[in-house]
Structure formats: structure tokens, C-alpha cells
Amino acid sequence: MDLDSHAEELASALGVDNEEVKVDLQNLVEYSVPIDEAKQSLRRKYGDGSADAGGPTTKSIGEITPDTGNVSVTAVVLTAGERSIRYQGDDHVIVEGELADETGRIDYTAWEDFGLEPGETITVGNAGVREWDGEPELNLGEHAAISVTDESLDVPYEIGGEATLAELETGDRARSVEVVVVECETRTIDGRDGETEILSGVFGDESGRLPFTCWDPRPEIETDATVRAENVYVREFRGVPEVNVSRFSTVETLDRAIEVGTDAPSLGIGQAVDSGGIYDVELTGNVIEVRDGSGLIQRCPECRRVVQKGQCRTHGDVDGEDDLRVKAILDDGTGTVTAVLDDELTEEIYGGDLDDAREAAREAMDQEVVADRIRERIVGRAYRVRGHLSVDEYGANLDANSFDEVAEDPADRASAFLAEVNA
Ligand SMILES: [Zn+2]
């Protein structure tokens, strides 16, 4: 390696001017300082004191942990999407996405406009590493230096953010989806800049459905439209991942038809709960308990929350309205979830409507008889439940759209068959 190459590498790793480093390096070498020692002393000089050994270390992505100090990496830009955030009272446009090399992928946030383009191989000098949700993430601030390299890395990941709805996860950024707008409504919210109109609804594609919010309403997004949305991000809302379309997203009408998948993924309860929330999922398990607050209940006429002894937590003394619901604990051996059934599903398993329930309660002079009858019918039996799974401070709740008894446990059926054969 000649002096120019050493200078270039060092300048890029430290995020400082190439010429300046070259002059310093030349001086040191002219004073007979060995090249490695010269570079080390320049790392100390330009390394902005962030790392003890002087300056960032060159690492592969797979080696980076949340405890790694500042680093230099050579990587391919997989995605780059603009987003606006409010930072210390000002709107600031940042660029977020993913970088990859042969050893792995890592999220980044760029606080300056470095002009990153998906597909480019870049060397990032002096990137900060911070922890986000237990994972390392690169922070490209004003001290970072970015140069596009000629050699292009071959990475085992797809460039660009193409994703199906089923593949999207909370925290994803700069994704592109092709979807049908299954539901869409305009809402007025009290945003950080006063009243703002937004769109909210449900997107669908072959893989399933996910709720969305569009912070910058546009005519392409309307019920039954088929669109391609680029540079969307995913965040959690009420315990479920949600697609966010911002003013930096591009949305265009597609002229191909998209069939919305009707299958929900079927998962073990433990695995589903660990995923942190799924918009549409199917879980199967045994009902081990029907929780208090099931059967015939009363709701606050203002906020629809369940009232106890005529008291709403927010609205105080209210005249509660009767309703039916079930909160059933479902267990499959890997985890538990509370399945929440609305009035219609409750009527089915109770075998009667609201009037029947009221009459039963009046006769017994105790509305708990309704919940008791539901307990007798479902506790100890296996059910397949499909709905929205949310996991948050209220626990793991499955807001059920369907609740079907599983005719027979496959294991029971197998042992019964074996018994028959052996007999
Ligand atoms: Zn209330």
C-alpha cells in the first residue's frame, strides 16, 4: 500500500479530509516514523476522543454489538428512506434504512443528507453505534464520512425494500408494498400542528392484511384501489404492526389485480405472543378458564368500557348498558392468550341472545349465571380462534373474529386409532 492509499483509508475511516491526513502522514513518515505508528497517532489526533484506542475500528456488520464504539464499515445500501421527525422543536428530515455486508444486516439512521442510494457499496467512516430494542444500530451523524466504493460487495440480501404484508415487522423502514386498499376512512386528529386529516384503514395483499395510517392523504388511496407504496415504515399501534405512509412515501395506482389472501398464519401461542402482535392470526388451544367480567356485563354509554357496580373509571356514576362478551384463556402448552369474544360470538356459545341472558339473570337474581353457563360449555375444550393479537401492558389479547371448536384433538384421535388397531 502506498502513502496515498494509507491516507485515503485513514481519512475515510476517521471521517476527515483526505488532503489534511495525507500532509500529516507525509510529515510523520519523513521524520522516519513507521507507517503503522504514524497512522495510530493520526487516529488519536482525529479520533474525536470517542474511543480509547483512537478512532473507530473497521468491523464487519456481523461483529458489531451494541457495546461497539465508533466503527467504520464497508457495506451495500439495501434501503434508504426519508422521514421527518421533530427534534428539539424543529422538523428534521432523516434517512433510515438497512446496510448489509456478507456477514449480516444492520439498521441505520442518517442525520445528514449523504445521498445514499440502494444498491451502492459505500464505506462509512466513524459511524456511532447505539442500541435500539436490544439490537445495534448505526448512527450516521455529522462526524461520519461516507464514500462510494468502486468494488461492489455481493450480499445475500435483496436490494430495495420490497416486502409482502406478512413479511413486515414493527421497526421496518423504507419498505415498498403492492396492496389493495381493503378499508379506508378519513379521520381528523389533533396532531402536533393542530387539526390534521389523515387516512386510516386496512391494506391487503396475497399474504394477508395489515392496518395502515396515511399521514399525508392522497387521492390514490381509496377503498378498493390497488396501489404501490414506496418508502413506508412500520410501527406498532395498539399492540399490532401498522403500515405508515408519510409525505415522503410515493404512492401510485397499479393496474394489476391483487387477490387478498384469506388464510391467517397459524402459530403456536408462545411464538405468536413473542412476535409482539399480529393483525390476523389463527391460534389453537384449550380453554382453561373463563375470566371474570365475562357473560352479561354493563358498559359505560360514553366510552363503552365495562362498568363495575355502576361506576365507570372515567365517567363515574353511569347508567350502564347491557352487553355480552367472553374473555377466555386459551393455552396450547407453549403459552396463553386471552381470547376476547364480542356479543355475536358470545351468543353462539351461550346459546341465547341478550334478552335470554337478562331473563336468566333475573330468575337467578345473579347475572353470574350467564358466565357460569358459558364456563360449563367451553372450559376444557379445544378451540381454533382467529383474530387480531395485541401484546401490550394489558397482556396478550386475541380480539376474536371466529371461535370454532376443534372437533377432536389430533393426538387423541391418533391414540384412539392405535387402540382400535391393537384391539
Ligand atoms: Zn366511561
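Here are some exercises with worked solutions on a predicted model.

**Exercise 1. Find the domains, then see how domain 1 meets domain 2**.

Start with the domain assignment, which splits the chain into domain 1 (3–46), domain 2 (57–148), domain 3 (165–253) and domain 4 (269–295 + 324–410). Notice that domain 4 is written as two stretches, 269–295 and 324–410.

Next, take the C-alpha centres of domain 1 and domain 2: they are 25 Å apart. Now look at where these two domains touch. Domain 1 puts four residues into the contact, and domain 2 puts in nine. Sort the domain 1 side by class and you get two nonpolar residues, two polar ones and no charged ones.

**Exercise 2. Work out how helix 1 and helix 2 cross, and which residues meet**.

Before you begin, recall what you need: a pair of packed helices is described by the angle between the axes and the distance between them.

Step one is to locate the pair: helix 1 covers residues 3–14 and helix 2 covers residues 18–30. Step two is the geometry. Their axes come within 9 Å and cross at roughly 130 degrees. Step three is to name that arrangement: angles over 145 degrees would count as roughly antiparallel and 65 to 115 as roughly perpendicular, so with its crossing angle helix 1 is oblique to helix 2. As for handedness, helix 1 passes helix 2 in a right-handed crossing.

Step four is to list who meets whom. From helix 1 come Leu3, Asp4, His6, Ala7, Glu8, Leu10 and Ala11, and from helix 2 come Asn18, Val21, Lys22, Leu25, Gln26 and Val29. Group the residues of this contact and you'll find seven nonpolar, three polar and three charged.

**Exercise 3. Trace the partners of strand 2**.

Pick up strand 2, residues 71–87, and go through its neighbours one by one.

- Strand 1 (residues 57–58) runs parallel to strand 2, with two bridges. Thr57 has Val71 as its bridge partner.
- Strand 5 (residues 121–132) runs antiparallel to strand 2, with five bridges. Here Thr74 sits opposite Thr123.
- Strand 3 (residues 90–101) is also antiparallel to strand 2, with eleven bridges. Thr79 is paired with Glu98.

Now check the turn. Strand 2 and strand 3 make a hairpin with two residues between the strands, and Gln88 there has a positive phi near 50 degrees.

**Exercise 4. Carry on from strand 3 to strand 4 and strand 6**.

Strand 3 pairs with strand 4 (residues 104–110) in the antiparallel sense, over seven bridges. To anchor yourself, find Glu96, which faces Thr109 in strand 4. The link is another hairpin, with two residues between strand 3 and strand 4.

From strand 4, step across to strand 6 (residues 135–140). These two run parallel and share four bridges. Tyr108 and Leu138 are bridge partners here.

**Exercise 5. Which way do strand 18 and strand 21 run relative to strand 19: parallel or antiparallel?**

Take strand 18 (residues 321–331) and strand 19 (residues 336–341) to begin with. They're antiparallel, joined by six bridges. Asp331 lies opposite Thr336. The two strands form a hairpin with four residues between them, and Gly333 in the turn has a positive phi of about 90 degrees.

Then move to strand 21 (residues 395–405), which pairs with strand 19 in the parallel sense over three bridges. Ala339 finds its bridge partner in Leu398. Put together, strand 19 is antiparallel to strand 18 and parallel to strand 21.

How values were computed: Residues are numbered from 1 along each chain as its sequence is written. This is a predicted model: local features need pLDDT of at least 70, side-chain atom pairs count only at pLDDT 80 or more; totals for chains, interfaces and linings use all residues. Domain bounds come from an automatic or database domain assignment. Two residues are in contact if their C-beta atoms, placed from the backbone, lie within 7 Å. Ala, Val, Leu, Ile, Met, Phe, Trp, Tyr, Cys and Pro count as nonpolar, Asp, Glu, Lys and Arg as charged, and the others, Gly among them, as polar. Axes are lines fitted to C-alpha atoms, for helices over the stretch in contact, and angles run from 0 to 180 degrees between N-to-C directions. Angles under 35 degrees count as roughly parallel, over 145 as roughly antiparallel, 65 to 115 as roughly perpendicular and the rest as oblique. A crossing is left-handed if the near helix is turned anticlockwise from the far one by less than a right angle, and right-handed if clockwise. Two strands pair if DSSP finds at least two bridges between them.
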